[in-house]
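Colleague: Please take a close look at the salt bridges of this model. Which side chains do they join, and where do the partners lie?

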Amino acid sequence: MGVHKRQARARSALSVVAAAGLVTGLVTLSGGSASADPVKLTQKYTCKFPIISNDPIEVEITADMPATMNVGETVPEYDIKAVTKVSARAAQGLGVMGAVTLEGKATADVNVTLPGGTGNLPIKVVNTVAKGDIPNPAAGFTLTATGKSPGSLLTWEKEGTAKFDVTGLKLHNMIARDADGNPVQLPPNGDEFPADCTLDAGQPTALHTMTIGGGSTDPTDPTDPPTDPPTDPPTDPPTDPPTDPPTDPPTDPPGDEPVKLDFDIKGNSFIKAANGNAPLSGGINTRYDLNKGTFDADLRLDPTKGKFTIMGFLPTTADIAFEQTGKTTGTLDTAGALKSKSEMFVKLSSVNAFGLPIGGGADCKTSSAAKVDLASEGRFQPYKGGKLKGTYTLPGLKGCGVLNDIISTFMAGPGNTIDMDLTYKS
């Protein structure tokens with residue numbers, strides 16, 4: 001048989017395994033002829049997702065495929081099904097972005113060993129990942145793909161053993177959607193995102209082994225095509241497949257590394273007792289644990305100047321600095337609700353009334369750390385930011401000079417408020 005015919009026949013092997021329809025990139029065959037036997041392949045991969053980074057998935061490939069066929073027999077159409085297990089960590093990461101469903105496409109790398117020692121055929125299989133719900137609260141979930149393999153495309157020409165091995169996959173054109181059905185933006189991507197997957201070390205690849213016997217009764221040369229050959233399969237896959245999945249193992253361990261998110265801060269604090277405001281600016285560097293939905297952060301508030309009116313008429317200014325006593329901690333859940341806790345000393349390097357210094361200094365600060373609890377107003381977006389609000393009590397002051405007690409009386413106390421906007425730093 002000519003080279004082109006042999007290549008066309010070899011490509012037909014793809015349609016057998018195209019049935020290996022992947023949810024996350026793999027596709028499996030189920031159904032088929034009455035004499036078909038169930039086969040199954042379970043594989044574990046590590047995939048690199050937006051936000052989530054490296055995370056494990058497990059794909060169960062099932063199929064009904066005959067154990068034996070004969071030379072001259074044509075492979076029929078098969079139903080397609082596959083189930084992939086996705087981690088609770090992935091659900092958490094997608095959930096905090098406002099995603100409630102996930103769908104997309106996947107390309108599987110399949111190697112077909114042709115019978116009769118005629119060689120190997122590496123192929124790429126592009127498949128559809130059906131839309132699946134992302135659980136809230138976050139939990140492990142599954143995605144399912146179904147479909148049919150093209151039938152009547154492959155007629156066995158040689159006796160021997162045919163082997164079907166799934167050797168890799170890549171997710172692509174993945175779309176996470178919000179409750180309104182709109183695509184969720186997952187930086188640095190847009191509406192869609194890819195996820196390179198690496199087959200974990202030691203994983204099996206054999207989907208099926210089929211024995212091809214010499215049972216053809218066709219008197220014609222078995223290398224000749226059938227009388228009414230089916231239409232040749234297209235030379236190109238239905239969509240341009242992505243580049244080859246990486247063969248090197250991921251450099252970061254899956255499921256453990258926190259997500260680093262940095263924000264600029266702009267805001268304002270109203271000091272009730274002093275009847276005035278202090279503008280706020282600075283930044284915060286967070287490390288978000290997707291497994292727990294918690295974070296810790298390094299908060300930096302820039303020195304600022306407050307303008308107040310004490311006793312209802314006395315204009316007063318104060319140079320203010322902040323000294324954080326530990327990490328800011330908090331939670332961010334899949335509803336987008338962020339809560340944070342910070343503790344800091346508030347320092348007054350100078351206090352002036354009518355432009356005249358009345359206190360302050362290097363030792364002037366609150367007698368204990370102020371506890372500041374903030375909560376988001378509306379959904380907080382990790383890759384955008386959001387608005388935080390809260391109230392706090394300013395402890396009494398010490399070390400502010402001879403007028404310390406007076407300054408403390410008109411500065412310290414409960415009912416102070418903070419409003420700040422956090423903007424993601426790309």
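Modeller: A salt bridge is taken here as a side-chain nitrogen of Lys or Arg within 4 Å of a carboxyl oxygen of Asp or Glu. By that criterion the structure holds 16 salt bridges. The model is a predicted one, in which local features need pLDDT of at least 70 and side-chain atom pairs count only at pLDDT 80 or more, while totals for chains, interfaces and linings use all residues. Residues are numbered from 1 along each chain as its sequence is written, and side-chain values use heavy atoms, with hydrogens and water left out.

Glutamate 103 takes part in a salt bridge with lysine 131, where the closest N and O atoms are 3.8 Å apart. This pair links distant parts of the chain: glutamate 103 belongs to strand E6 (residues 101–113) and lysine 131 to strand E7 (residues 120–133), with the two positions 28 residues apart in sequence. Strands (E, at least two residues) are DSSP runs, as are helices (H or I, at least four), and they are numbered from the N terminus.

The two partners differ in accessibility, for which buried means under 20% relative accessible area, exposed over 50%, and partly exposed in between (1.4 Å probe, protein chains only). Lysine 131 is exposed, because its relative accessible area is 53%. Glutamate 103, at 18%, therefore counts as buried.

The side chain of glutamate 103 also meets that of arginine 177 in a salt bridge, at 2.7 Å from N to O. Here strand E6 is linked to strand E9 (residues 160–177), which holds arginine 177, and the two residues are 74 apart in sequence. Both glutamate 103 and arginine 177 are buried.

A further salt bridge joins aspartate 421 and lysine 387, with an N to O distance of 2.9 Å. Aspartate 421 lies in strand E24 (residues 413–424) and lysine 387 in strand E22 (residues 385–394), so this pair ties together parts that are 34 residues apart in sequence. Aspartate 421 has a relative accessible area of 34% and is therefore partly exposed; lysine 387, with 28%, is partly exposed as well. Elsewhere, Arg287, Asp296, Asp298 and Lys327 are joined into one network by salt bridges that share partners.
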